[in-house]
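Here are some short notes for a first look. Keep the sequence and the 3D view side by side while reading.

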Amino acid sequence: MKTIYTLVPETAVAEGVTGPRYLFTTANHFLQAVGKEPLFDVQLVGQKKEVRVQDGAYSVTTDLLLDEAGQADLVVIPPIFGDMKEAVRRNEATLPWIVHQYKNGAEVASLCVGAFLLASTGLLNGKKCSTHWAYYNEFKERFSEVEIVDGGVITEENGIYSSGGANSFWNLLLYILEKYTDRDTAILASKYFAIDIDRESQAAFMMFTGQKDHNDEEVKRAQYYIEENYQEKIIVDDLVEMAAVSRRSFERRFKQATGNTVIEYLQRVKIEAAKRSFESTRKNISGVMFDVGYSDSKAFRNVFKKITGLTPVEYRNKYNKDDHV
């Protein structure tokens with residue numbers, strides 16, 4: 001029997017608390033249906049018996065308090081809700097418990113922005129981690145010793161798992177279920193819960209928001225120029241001239257401020273514009289490509305797939321509004 005504790009933090013996202021129990025108890029039914037013994041004992045663990053979650057909208061009754069819980073095989077940390085710094089502060093008492101469980105043999109899985117709580121334990125220092133793409137910058141600033149995996153749906157290192165944004169946590173739960181059981185059980189669960197079992201990237205869902213949370217005004221000026229003129233041929237030297245600094249200094253400052261090189265930033269702006277066009281218009285691939293300033297179809301396809309994880313055709317077919325009415 002595998003003991004799975006789902007931590008119920010203050011301000012947790014309700015689905016992140018209920019989802020793991022739902023999946024692993026359902027997996028027990030699948031196993032019993034083919035004559036096997038149930039494998040998972042899933043319990044909710046918290047700082048108190050009644051925990052208010054999701055900004056107080058819901059109340060969860062825990063099965064065990066932290067000091068009542070024995071040794072788990074897996075500890076699941078759900079996403080936390082609202083201001084990350086305040087949410088971690090309210091759950092500081094859970095951090096030593098998570099560390100104790102891990103050091104005594106439990107695997108630990110954080111779901112989405114539950115990574116902020118896991119990273120606060122120090123267990124992720126020097127390791128890789130996934131979290132929701134919208135929180136990358138905040139996570140990098142707070143946990144500089146953790147390597148965030150850009151676009152990753154699932155990461156695993158030394159018995160510590162993490163998942164990407166929002167419903168990506170179902171992919172991580174399926175991944176763990178397959179490790180604990182077999183491929184057939186995981187596929188059955190994926191069909192039952194209607195989850196794409198082999199999705200590897202959240203890149204297609206990422207919205208590029210400009211990365212302007214910094215104080216370098218010359219870099220911001222260059223960013224605005226790129227975003228307003230992405231259809232044109234922009235070369236780095238033009239931006240350097242605008243900033244009136246050396247090219248080496250400008251490129252270093254741009255990367256430090258935004259996390260991207262100038263070329264990467266320009267590509268992301270162009271591809272974000274292409275994504276919006278594919279979603280809302282009926283333009284063909286060539287038309288969108290020219291609109292965002294590309295003339296080489298192979299280069300456009302390569303950059304688009306690198307950033308989104310999908311080809312332009314795949315993205316349009318998947319997300320165009322008119323194709324789904």
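Which residues line the second largest pocket? The points below take up that pocket, then turn to the sheet and its helices.

1. This is a predicted model. In it, the lining of the second largest pocket consists of Asn-137, Lys-140, Glu-141, Gln-211, Lys-212, Asp-213, His-214, Lys-255, Gln-256, Ala-257, Thr-258 and Gly-259. The pocket holds about 250 Å³ of space.

2. Two helices, α5 (136-142) and α10 (247-258), each supply at least two residues of that lining. The most comes from α10, with four residues. Sorted by class, the lining has six polar, five charged and one nonpolar residue.

3. Now the sheet. It is open and has seven strands. Their order is β5-β2-β1-β6-β7-β11-β10, and the pairing is mixed. β5 (64-65) and β10 (154-157) stand at the edges. Each has a single partner strand, so one side of each is left without a neighbour in the sheet.

4. Look next at one strand pair. β1 (residues 2-7) runs parallel to β6 (residues 74-77), and three bridges link them. In one bridge, Thr-6 has Val-76 of β6 as its partner. Strands of a sheet pair through backbone hydrogen bonds, either parallel or antiparallel.

5. Two helices lie across strands of this sheet. Helix α1 (residues 14-33) lies across β1, β2 (40-46) and β6. Its direction is at about 165° to β2. Helix α6 (residues 169-180) lies across β1, β2, β6, β7 (107-110), β10 and β11 (160-163). The angle between α6 and β11 is about 145°.

Technical notes
Residues are numbered from 1 along each chain as its sequence is written. This is a predicted model: local features need pLDDT of at least 70, side-chain atom pairs count only at pLDDT 80 or more; totals for chains, interfaces and linings use all residues. Side-chain values use heavy atoms; hydrogens and water are left out. Two strands pair if DSSP finds at least two bridges between them. Contact means heavy atoms within 4.5 Å. Axes are lines fitted to C-alpha atoms, for helices over the stretch in contact, and angles run from 0 to 180 degrees between N-to-C directions. On a 1 Å grid over the protein atoms alone, a cavity is a set of points where a 1.4 Å probe fits but cannot get out, and a pocket is an open set with protein on both sides within 12 Å along at least five of seven lines; lining residues have an atom within 4 Å of a point. Grid points are joined across faces, edges and corners, and a volume is the space filled by probe spheres set on the points. Ala, Val, Leu, Ile, Met, Phe, Trp, Tyr, Cys and Pro count as nonpolar, Asp, Glu, Lys and Arg as charged, and the others, Gly among them, as polar.
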